[in-house]
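Trainee: I am new to this structure and would like to understand how its features earn their names. Could we go through them together, setting each value against its definition?

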Amino acid sequence: MRTVPIWAAALALVAAGCGAAAGSDGKPSVVAAFYPLAYAAEQIGGPGVDVTNLTPPGTEPHDVELTPQEVGRIQSADVVLYLSHGFQPAVEQAVAGAHGRRVDVLQGLRLHGHGSDPHVWLDPALYARVVKRVGGALGRPRRAAALARRALALDHAYRAGLADCRRREFVTSHSAFGYLASRYHLRQVSIGGVDPEYEPSPRRLQALIELVRREHVSTVFFEPLFSPRLAETVAHDAGARAAVLDPIEGLTSAEQDRGSTYFTLMRRNLRELRAALGCR
């Protein structure tokens, strides 16, 4: 007969709201699919929780492939934090066999693109909801509430910073900013789609170049984990500049070395948007 691990019994207490389960070192083990979830777990759990981020620095999370050791870590973790709807297929497949508490942070949120757009963390108000869900999974609602307040303060900064702008339209290489655009009454125009590796047709590229010229768009944004080639092509041919707007799917090694966080990167995004949109 199979022996039930100690952590599995303790995890039942988590579901009852009595705290997180103990791992082999006495700490709860949390596996997070990618950076925004790992950051929330680290901030909420503190030093008393072991958090593993499945997406290494500098890696695009859509393309993560798991080693057998990582699959085993997912399946034996006390808590697994992930996104459904095909954001990371390898992670979703491994999560199906997990024995611990599985937390799909998209559950209950109204998703864009007929459910195909998972980038909810780029809307600070939605990220606050994600944070609270992580706090519930870890049995630390007070720490989660404090982090959620920081996210809502960021939301207020975006509302104020993007309220009075000459333009409301911005161009990106990857359609990751739909929730942000919707929240702050902007319009995102993407070179590609939700899939960052989408290659647009020459006709689509020419149409975007003409739009950038016609609308006097000052900036075409690209993201740090992918080649800027397409954005730079559109910007050059349309007489605009190319700049980074970070979808914060993962930190680069340089960002990690600088101590960048979700909040510092979101505030940098706000500065870039204000400059591109001509905001007062």
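Trainee: Which residues does Tyr 262 touch, and what makes each of these a contact?

Mentor: Contact means heavy atoms within 4.5 Å, and by that rule Tyr 262 touches Tyr 35, Tyr 39, Trp 121, Pro 124, Tyr 127, Leu 154 and Ile 248, not counting residues up to four places away in sequence. Please keep in mind that this is a predicted model, in which local features need pLDDT of at least 70 and side-chain atom pairs count only at pLDDT 80 or more, while totals for chains, interfaces and linings use all residues. Residues are numbered from 1 along each chain as its sequence is written, and side-chain values use heavy atoms, with hydrogens and water left out.

Trainee: What is the place of Tyr 262 in the largest nonpolar core?

Mentor: Tyr 262 and Leu 162 are the residues with the most contacts inside that core, which has 74 residues. A nonpolar core is a set of buried Ala, Val, Leu, Ile, Met, Phe, Trp, Tyr and Cys residues joined through side-chain atoms within 4.5 Å, where buried means under 20% relative accessible area, exposed over 50%, and partly exposed in between (1.4 Å probe, protein chains only). A second, separate core of 17 residues includes Phe 222, Leu 230, Ala 231 and Val 234.

Trainee: Which residues of α11 are buried, and how do you know on which side they lie?

Mentor: Helices are DSSP runs (H or I, at least four residues), as strands are (E, at least two), both numbered from the N terminus. In α11, the buried residues are Tyr 262, Phe 263, Leu 265, Met 266, Asn 269, Leu 270, Leu 273, Ala 276 and Leu 277. They cover an arc of only 160 degrees around the axis, taken from the directions from the helix axis to the C-beta atoms, and therefore lie on the same side of α11.

Trainee: Why is the contact between Cys 165 and Cys 279 called a disulfide?

Mentor: A disulfide is a pair of cysteine sulfur atoms within 2.5 Å, and the sulfur atoms of Cys 165 and Cys 279 are 1.9 Å apart, so the pair qualifies. The link joins distant parts of the chain, with Cys 165 in the loop between α6 and β5 and Cys 279 in the segment after α11, 114 residues apart. Both cysteines, Cys 165 and Cys 279, are buried, and a search of the whole structure finds one disulfide.

Trainee: What makes Asp 123 and Arg 183 a salt bridge?

Mentor: A salt bridge is a side-chain nitrogen of Lys or Arg within 4 Å of a carboxyl oxygen of Asp or Glu, and since the side chains of Asp 123 and Arg 183 meet at 2.8 Å, N to O, the pair fits that definition. Asp 123 lies in the loop between β4 and α5 and Arg 183 in helix α7, so the pair ties together parts that are 60 residues apart in sequence.

Trainee: Why is Asp 123 counted as buried, and how is Arg 183 classed?

Mentor: Asp 123 has 2% relative accessibility and therefore counts as buried, whereas Arg 183, at 27%, counts as partly exposed.

Trainee: Which residues are linked in a network of salt bridges?

Mentor: The network links Asp 246, Glu 255 and Arg 268. Arg 268 meets Asp 246 at 3.5 Å and Glu 255 at 3.2 Å, both N to O. Asp 246, at 1% relative accessibility, counts as buried, and Glu 255 is buried with a relative accessible area of 2%, while Arg 268, at 24%, counts as partly exposed.
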